[in-house]
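The following note is offered to a colleague reading this model at the bench. Its points concern aromatic contacts and pockets.

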Amino acid sequence: MLYASFLRPEGVYNSFFNKFVAFVTRGGNFCHSEFVFRWSEEEFAEVRDKIQGLARYKNHKGPIDIALYVIWGDTVKYRVLNGHGEFFSVPEKDMMNVDINWEDELRVSRWLWNQVGKPYDEIGALASPLTFRSSRDTYDRYFCSQLMACALQRVNKLQHRNPASLTPNSLYSALKAS
């Protein structure tokens, strides 16, 4: 199951910078967004066979939660949400189920894992509220909500939205409305 997770400037995200980001990105509550994949053991086995880089988890037993994200100054990454600290725990609020079928979830996950290692787009993030950047389906660098929008467009979600102009707050609103 795929979730869109929206994070407020609280806990590990509690900083003046993140509070400022939440405010200037269309005055909402959120400073960051990311995907959370929740897979059963069988689903994860199928995903693991199709995505390079997950082979090191070949002996994993039971369900698994994995976040795929990009944060300021870093690269696109994933982390297993194993409950060891707030950053490695499944968010307790502001998680929205993305209603897609299993084949589309596989398509989204494969595309996202192909983006792992791409750098954060600081200029794009700063310019996103201004909505003057051109819309594309893939970029050389990403900010959090742009990465999510590009992935969702691969499964016919948010088709008429410009990924480069979606902030975490506007992405939340667009998903809520769909």
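1. Tyr172 counts as partly exposed, because its relative accessibility is 22%. The model discussed here is a predicted one. Phe6, at 1% relative accessibility, counts as buried.

2. A search of the whole structure yields 17 aromatic pairs. In one of them, Phe6 and Tyr172 meet edge-to-face, with 5.1 Å from centre to centre and 85° between the planes. Phe6 belongs to strand E1 (residues 2-7) and Tyr172 to helix H6 (residues 168-177), so this contact ties together parts that are 166 residues apart in sequence.

3. Tyr69 and Phe87 also form an edge-to-face pair, because their ring centres are 5.7 Å apart and their planes stand at 90°. Tyr69 is in strand E3 (residues 64-69), whereas Phe87 is in the loop between strand E4 (77-80) and strand E5 (95-97), so the pair ties together parts 18 residues apart in sequence. Tyr69 counts as buried at 6% relative accessibility, and Phe87 is partly exposed at 21%.

4. Arg79 involves both of these rings: it lies over the face of Tyr69, 4.6 Å from the ring centre, and its charged end sits over the ring of Phe87, 3.9 Å from the centre.

5. The largest pocket has a volume of about 380 Å³. Its lining comprises 23 residues, with Phe17, Val21, Cys31, Trp72 and Tyr120 nearest the centre. Helix H1 contributes the most to this lining, with five residues. By class, the lining has 17 nonpolar, six polar and no charged residues.

6. The second largest pocket, of about 290 Å³, is lined by 16 residues. Its lining has seven nonpolar, one polar and eight charged residues.

Key:
Residues are numbered from 1 along each chain as its sequence is written. This is a predicted model: local features need pLDDT of at least 70, side-chain atom pairs count only at pLDDT 80 or more; totals for chains, interfaces and linings use all residues. Side-chain values use heavy atoms; hydrogens and water are left out. On a 1 Å grid over the protein atoms alone, a cavity is a set of points where a 1.4 Å probe fits but cannot get out, and a pocket is an open set with protein on both sides within 12 Å along at least five of seven lines; lining residues have an atom within 4 Å of a point. Grid points are joined across faces, edges and corners, and a volume is the space filled by probe spheres set on the points. Helices (H or I, at least four residues) and strands (E, at least two) are DSSP runs, numbered from the N terminus. Ala, Val, Leu, Ile, Met, Phe, Trp, Tyr, Cys and Pro count as nonpolar, Asp, Glu, Lys and Arg as charged, and the others, Gly among them, as polar. Rings of Phe, Tyr and Trp (its six-membered ring) pair if their centres lie within 6.5 Å; planes under 30 degrees apart count as stacked, over 60 as edge-to-face and the rest as tilted. Buried means under 20% relative accessible area, exposed over 50%, partly exposed in between (1.4 Å probe, protein chains only). A charge sits over a ring if NZ of Lys or CZ of Arg is within 6 Å of the ring centre and within 35 degrees of the ring normal.
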